[in-house]
Structure formats: structure tokens, C-alpha cells
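Welcome, and thanks for taking a look at this one with me. Below are a few points to follow with the structure open beside you.

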Amino acid sequence: MTISTPELRDNLTQAEAEARALRVSGCEYTIAIELTRGAGTYRGDTTLRFDAAGSGDLFLDFRGKSIELLEVNDRPLEPNWNGYRLWLPAASVSKSNTVRVVYENEYDHEGDGFHQFKDPEDGEEYLYSNFEPYESHRLFPQFDQPDIKGTYGLTVLAPAEWEVVANSRETSAEPRPDGRTLHAFEATQPFSTYLFALVVGPYHVARERHGSVDIGLFCRKSLAKHLDTQELFEVTRQGLDFYAAFFDFPYPFGKYDQIFVPEFNSGAMENVGCVTHNEYMVFRDPPTENQRRGRAETVLHEMAHMWFGDLVTMRWWNDLWLNESFATYMSYLCMDDATRFKTGWQDFASGMKNWAYRQDQLVTTHPIAGQVEDTDQTFLNFDGITYGKGASVLKQLVKAIGLDGFREGMRHYFRTHAYGNATLSQFLGSLEKGSGVDLKEWARLWLETPSLNTIGARWEADGDRISQFSLGQTAPEEYPTIRPHRIDIGLVRDVQGKLEISVVPASIATAEAEVTEARGLPRPSLVFPNYGDHGYAKIALDAESLTFLKGNMQRIEDALLRLQLWGSLWSMVRDQQLRSTEYLELVRAHITREAMPELVEAVVNNATAAAGRYVPEEWKAGEAHSLAGAAYGALKAAGSPDLQIIWVRALIANAVVPEDLALVARLADGEEAVEGLTIDQDMRWSIAAKHVAYGMPGAAERVTAEAQRDPSDRGVRAKLRCETSSPAAEAKASAWERFNGEGYGSLYLTGAAMSGFNWAEQREVLEPYVEAYFGALPNVFRTKDKEFASDYFRALFPGYRVERELLSQSEAVLAGYGDELPVLARMVREANDDLLRAIRCREFAAG
């Protein structure tokens with residue numbers, strides 16, 4: 001039986017999941033997968049045993065090509081299947097059930113489901129699964145929701161040369177006469193369906209054993225030369241030891257494999273014992289320490305999930321934040337305590353926390369712990385609130401209850417709920433037991449309300465001493481919650497030419513709070529009421545502090561404080577309290593002398609965004625040119641390879657005038673040199689794409705040369721981006737037809753082509769596609785998978801037109817289709833919010 005129903009939406013509501021969970025228990029899956037080299041399909045034979053209560057029909061989730069056999073309790077049935085749901089009639093369901101489904105399915109090419117990839121370098125075929133939040137039913141029929149856990153017995157018939165990696169240890173590998181091998185795996189512990197994993201192909205393998213845990217690293221054969229196993233194994237060992245000790249619970253799943261897979265949609269996925277990572281963490285070009293630290297954080301984040309998320313799992317996706325926020329907080333805690341990466345909290349402040357601040361100020365802000373009606377909403381909640389704000393709030397909670405209390409609470413949580421599901425109230429109950437602190441009101445104010453507060457200091461001095469000091473907090477009019485904050489106040493003063501910092505602990509739970517401990521202290525030159533970055537709030541600098549800061553930023557020796565101050569300046573730009581042009585002037589004056597790579601990278605990225613979006617149109621090229629000039633000067637003076645890489649990337653990003661485009665080309669071609677600098681392949685492709693987009697002489701020849709230099713999958717994608725970056729009308733027309741038609745073979749390839757389509761400098765040739773884009777959106781979101789639709793929206797949204805006319809066109813889409821297409825509606829609302837902010841920042845800068 002073959003079904004094709006593209007108009008149906010493949011999702012699951014919370015109400016459906018709750019009703020099904022009341023009826024279904026004791027799931028045991030026996031799964032046989034048969035793979036053939038070079039095929040477009042694979043075969044499956046799945047038997048599911050489960051107990052059922054209640055009455056009425058039940059449905060399995062299954063998205064496949066065809067069902068060849070359905071047996072329910074040893075009786076064949078004609079499938080009642082709409083392509084997504086396979087119904088089991090009430091008359092066939094008993095107290096104990098056995099369902100067998102034999103089927104054929106097509107491979108996926110959009111990064112979700114069971115994804116197939118062919119390496120353009122050597123022609124090898126690679127397969128991997130990716131299932132969160134609601135995609136595992138693409139591989140086999142099941143009850144696809146987190147609170148119906150199951151055990152899994154797996155066999156895989158695959159070409160003999162291929163590695164087969166799954167959630168548990170392999171128990172046997174039997175050669176077959178047809179050149180394939182039958183692999184069998186241990187029956188697993190119970191876990192949720194979205195955590196099932198299957199990775200197959202001629203992967204390069206490196207293995208170690210750490211205590212009782214077998215650990216493995218896998219990547220494509222063509223990337224093996226770039227896999228730095230020593231550092232990856234080291235971080236893995238450090239994480240396993242730290243978490244087992246911190247949680248007082250040994251690693252629960254026997255073996256721990258990490259596989260770097262191609263065309264992966266996200267950064268990584270915490271499949272039980274079989275973590276998949278995006279290949280960008282296999283560094284093909286020399287990485288900065290920032291990149292290495294970022295990779296370590298990802299490795300430790302996914303590992304934390306083995307306990308929090310895999311061992312104990314949320315009941316429903318409204319507690320997704322518990323998974324992601326906890327893993328994020330723990331990864332930074334582990335990194336700082338157990339690894340060589342000691343600047344993680346600076347990275348947290350500049351990256352994770354700023355992501356949260358931005359997301360929390362959008363019109364689509366939502367509570368950390370809110371209602372999630374269906375799996376489509378879950379897809380959109382992998383955002384800065386779920387990751388960054390939740391982790392920031394946990395960091396503040398630990399500040400309030402103490403690390404010891406937090407640790408004891410987590411130990412109680414794992415002992416109580418191992419291999420099961422838990423809710424937010426159960427998590428908080430464990431923390432209350434560990435810390436002795438009642439957290440109900442804290443949870444109500446911090447987890448169940450959206451948006452964020454702004455905290456500022458008001459103070460007076462009598463001569464050289466503080467006579468009055470208070471903190472004030474405000475909230476947005478539409479989200480007026482005032483919250484409790486435990487923070488440290490940093491008082492910076494100039495003592496005989498040297499800046500000294502005094503720290504005053506403080507609490508504020510109302511609109512204003514006196515800080516009596518500050519009275520009588522020496523008069524400060526600068527006040528920062530979130531020293532150490534324990535609070536989650538925007539910080540408003542008083543006028544005296546802001547004036548001092550503008551002339552003395554580089555004199556502040558505390559690196560985290562310096563980073564936070566730059567973050568406050570950036571918030572002021574976004575809130576139209578500091579002109580973008582004034583901010584860029586401060587960047588050029590101060591950041592070029594900064595020695596901390598984490599800080600340089602964060603500030604330069606913000607400055608590049610400001611020059612592109614927050615500066616009036618007629619000034620953009622001049623500001624970018626000035627920033628490129630500053631970057632080139634800093635590049636030549638850089639005192640470390642990391643700073644050289646950061647500054648040359650900034651130079652390339654801001655090269656928009658012919659003079660700067662010619663400069664970066666000379667650097668790539670070796671006609672101009674900076675001692676110690678190598679222009680890596682990613683940089684070379686960025687330069688090539690810009691030369692195409694800006695119509696520079698020799699652009700086509702440059703692309704050809706880079707394609708010969710880099711025949712890898714990265715090179716294929718980069719070449720596609722260059723092709724669609726062309727300002728020629730025929731190139732845009734051809735690309736547009738493929739975006740809206742057959743695509744480029746996979747979502748990754750299509751996404752690469754989309755990334756080159758819109759260039760602000762090509763406004764005239766892109767004019768016809770603005771209306772076409774808005775006209776196409778409803779059908780794209782009706783008929784395409786969520787990953788494709790979201791990539792289409794983000795890559796092709798004409799945000800280079802920072803103008804109210806575009807805002808009106810976008811708002812018309814929201815008015816016409818917002819109720820029908822909620823995923824589209826949320827994305828449009830967020831894009832419009834960003835666009836309106838950019839418009840206001842430009843108007844403020846020009847005023």
C-alpha cells in the first residue's frame with residue numbers, strides 16, 4: 001500500500017500524546033533494517049510489543065513509502081494509513097499486543113529522518129538518523145512521544161565494508177553470501193523514541209576505553225586527516241569523569257560514540273550512546289581557540305544529556321527547556337572545572353546570554369516553561385530562550401541556593417526518576433530537597449513569565465564617598481513582571497592612575513531597593529550592577545559611568561567585566577539609546593587594541609551587524625570601509641594567530657568597496673602578505689563569493705580556481721553559493737526556479753545556493769523576487785517539510801531592504817495566513833520585529 005498526501009501535516013498534539021500515554025505502556029521494539037549500497041530506498045521489518053488499557057482505536061506514527069504487511073496479534077490487517085498515522089482498530093487491540101509491520105521507505109535528504117549523503121570527493125555513501133523532536137517514525141512505526149519509552153532490539157543488514165553504529169553495543173556481525181553483513185545489537189535500556197540512532201557507512205573509526213566505557217569517534221574517510229582525536233578523547237574523558245562524580249551516578253548507557261555526520265541541520269544531537277555532531281566541528285582549516293572551546297562546550301552539552309534528557313526525560317515538549325538549559329549550564333560548569341578551557345563563562349556571557357537577550361526582546365518572546373500545543377511549536381522552541389535564558393536563570397538559581405544544594409538536588413532527581421519521565425514540578429521538588437529552599441515563587445516569576453527586566457543603579461556622592469545608593473528595575477509595558485535578582489555590584493574607581501574594583505552583593509525583588517552596604521564607600525567612576533554575570537537582566541549604565549567608559553574601556557583589566565560593558569553598549573544601540581555610528585567609532589577606537597580573542601570576536605561581530613543593518617543606507621559603505629580599515633590595521637598588529645584569524649575574517653566581512661575587495665584578493669593571491677597569516681579555504685571561498693556578487697574583475701576565474709583547490713562537499717556548496725551570488729538576471733532567474741522546484745539535491749545544497757541569492761548591492765536585479773517571495777511563502781509552508789520551509793524563509797527574506805515598505809509587505813502575509821500557518825506566522829513576526837528594530841536604529845542614527 002502506497003500513500004501520498006502532502007496536504008496532511010505530520011505533527012502530534014499534546015492532547016493526543018497525553019491520551020495515548022494513558023493507554024500504552026511496556027513497549028518493546030524489535031527492528032530489522034536492510035540496506036543496499038547505492039539504493040534510493042531501504043527495507044524495514046518492525047515488531048512492537050506493548051500493553052494497552054482503555055478502549056477505542058489506537059494509532060502508530062509512521063511516515064513511510066509503502067507498507068507490505070501489517071499483522072496485529074498474529075492476524076493480517078489491511079493498513080488504515082494516511083502516510084503519517086497507522087490506525088489499529090479497537091477490535092484488534094487487546095491487553096497485551098504484538099504488531100508487526102514490513103515496509104519500504106525512501107531515504108531523506110533534508111537532514112532529518114534517515115539521511116543519505118554521497119561524498120563528492122570519493123563517491124562513498126553515508127547514512128545517519130536525526131529524530132528530535134518528532135521524526136523517528138520516519139525510520140520505523142512507533143509511538144513517537146517522549147513519555148512512551150521503549151526498549152530496542154536492532155539488527156542491520158548492510159554492505160560488509162560499512163560501519164554500523166547504534167545506541168547499544170554490537171553483539172555479533174555475521175557475513176552473508178551477498179557481500180553484506182548482519183549486525184546485531186544488545187537490547188537497550190528504556191528510552192524515548194526520538195533518542196534512537198542508526199549511523200551506517202564507511203566511516204573512519206578511532207576507539208578508546210575509559211574505565212568501563214568504550215568510547216569511539218567516527219567521521220567520513222575524506223575528513224579523517226582533519227579529525228583531532230587527541231583533544232576530542234581528552235574532553236570526552238574529562239566530561240565522563242566530571243558528570244559521574246557531580247551526579248553521583250555512573251554513565252548509564254554502556255558505550256559512548258560520537259559521530260561527525262554530513263549535512264546535519266543542527267549542532268549536535270544527544271542520541272543515547274550515539275551522539276551525532278555537525279561536521280563543522282571537524283576543523284578543515286586552522287581553528288581559533290574560540291572554536292575549540294565552542295566544540296568542547298558542544299561535546300559536554302550532549303554528554304550532559306545522557307543523564308538529563310536521556311536517563312530522565314521530560315514528559316512533553318513544554319519542558320524542552322529543562323533538557324537544553326540544564327545541558328547548557330552543566331557544559332559550562334564542567335568546562336570551567338574539568339578542562340583546559342577556562343574562559344567559558346566569558347563565552348557564555350557574549351554568546352549564549354546575548355542570544356537569550358535578543359530572543360527575549362522579540363515580539364514572540366515566551367516563558368521558559370510554557371505550553372507547547374504540538375510538535376510544530378516544539379520545532380520553533382529550539383531558541384535562545386530555551387537554551388540561553390534557561391541556562392542563565394539556572395546560573396542565577398545556583399547563585400541563590402548554592403552549588404552544593406544544586407548538586408544534592410540533582411542527585412536526588414536521578415536516583416528517583418532514572419529511566420523514566422519527569423515534570424518541571426518534580427525537578428523543582430528535587431532541588432528543594434537538595435537545597436532546603438522553597439522554589440515555587442521563584443519558578444512562577446522566572447519560568448512562567450516572558451521577557452526580561454532592566455536594572456540600573458542610582459547613586460549620589462558627598463565629596464569622595466557614596467551617600468546614597470539604590471537599584472531600580474523596570475519591565476516592558478506588555479510584560480510587567482518584576483522579578484527577584486541576586487547580583488553583585490561592581491564599583492570601579494581610578495586610584496592614582498590604576499582602576500580598582502570593589503564588589504557589593506545586593507538583592508532586588510521590587511521596583512527599587514536600597515543598597516545600604518554601598519554607603520560610605522569611595523566614590524566610583526563607573527558602576528556596573530551585574531558584576532560576575534550572575535544576573536539575567538539588561539544593565540542600564542548611568543550617565544557618569546557611560547561617560548567614563550567611553551574614554552577608559554581598555555583600562556579595565558577584568559576581562560569578563562569588559563565584555564559585559566561592551567554588551568551593554570550593544571544593547572543601547574539596539575534600544576536606540578546609543579547611535580550605531582557612535583558605537584562603531586568606539587569599536588574602532590578601543591577594540592583594535594583588545595587582546596582577549598573572545599571579546600574581540602563578539603564585539604567585531606556586533607559591529608559588522610551594526611554597519612550592515614543599523615546604519616542609514618547612504619552611510620553603510622563608508623562605515624564598512626572604516627571598519628575594514630580598522631580590521632586591517634589590527635590584523636597587521638595582532639599578537640596571536642587567533643587574533644589574526646578573527647581580524648582577517650572581519651576584514652573580509654566588511655569588504656564592500658572596490659578598494660577593500662581588491663585588498664582581500666591580494667591577500668588570498670599572495671600579492672600582499674601579513675607575517676604569520678594564512679588565508680584558509682573558508683576565507684578564500686568568502687572572497688570569491690564577494691568578488692562575484694560585486695562584479696569584480698576575474699571573479700569567474702577565481703571561483704574556478706577555488707573549485708579546483710577544494711573538490712570536497714564544502715567546495716561544492718561554496719561554488720553553488722558563488723553561482724547564485726551573480727548579479728546577472730539570468731542567474732537569479734535560474735536559481736529562483738530551482739528553489740521553488742526540484743532544488744539542488746539536498747537541503748544542504750539548496751541552502752548553500754539560497755545563501756548567495758540576496759545581496760544588498762543587487763537591489764535592482766532582485767526587485768522582481770520581493771513580491772514573488774511573499775507570494776510563494778504560503779504554499780512553501782503548506783507543502784514542504786519544516787526544515788526546508790524555515791531555511792527558505794530565512795535565506796530568502798529580503799531583509800537587506802531596511803525600509804517600511806518591506807515591513808508592510810511582510811505584515812500583509814501575517815494578516816493573510818497567520819491563523820492558518822502558525823509556523824510561518826511566528827517566523828514572519830520575528831523577522832518583522834528585527835526589521836522594525838533596524839529601521840528605528842537607522843532613524844535614530846540619522847536624527
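**Notes on a few buried residues**

1. Let's begin with T449, which is buried because its relative accessible area is 13%, under the 20% cut-off. Please keep in mind that this is a predicted model.

2. Where in the chain should you look for T449? You will find T449 in the loop that follows α10 (440–447) and leads to β23 (454–462).

3. The side chain of T449 has two polar partners worth a look. One of its polar atoms lies 2.5 Å from the backbone oxygen of L445. The T449 side chain also makes a polar contact, at 3.0 Å, with the side chain of R483.

4. Which residues does T449 touch once neighbours within four places in sequence are left aside? They are P367, K389, R444, T481 and R483, so R483 appears here as a contact as well as a polar partner of the T449 side chain, contact being heavy atoms within 4.5 Å.

5. Next, please move to helix α12 (residues 559–574), where S568 has its place. S568 is buried, since its relative accessible area of 6% is under 20%. Not counting residues up to four places away in sequence, S568 touches F528, I539 and L541.

6. Finally, a word on cysteines. C722 is buried, with a relative accessible area of 2%, and C841 is also buried, at 3% relative accessibility. How many disulfides does the structure hold? The count is zero, so neither C722 nor C841 has another cysteine sulfur within 2.5 Å of its own.

Conventions. Residues are numbered from 1 along each chain as its sequence is written. This is a predicted model: local features need pLDDT of at least 70, side-chain atom pairs count only at pLDDT 80 or more; totals for chains, interfaces and linings use all residues. Side-chain values use heavy atoms; hydrogens and water are left out. Helices (H or I, at least four residues) and strands (E, at least two) are DSSP runs, numbered from the N terminus. Buried means under 20% relative accessible area, exposed over 50%, partly exposed in between (1.4 Å probe, protein chains only). A polar contact is a pair of N or O atoms within 3.5 Å; within protein, one must be able to donate a hydrogen and the other to accept it, and residues adjacent in sequence count only if both atoms are side-chain atoms.
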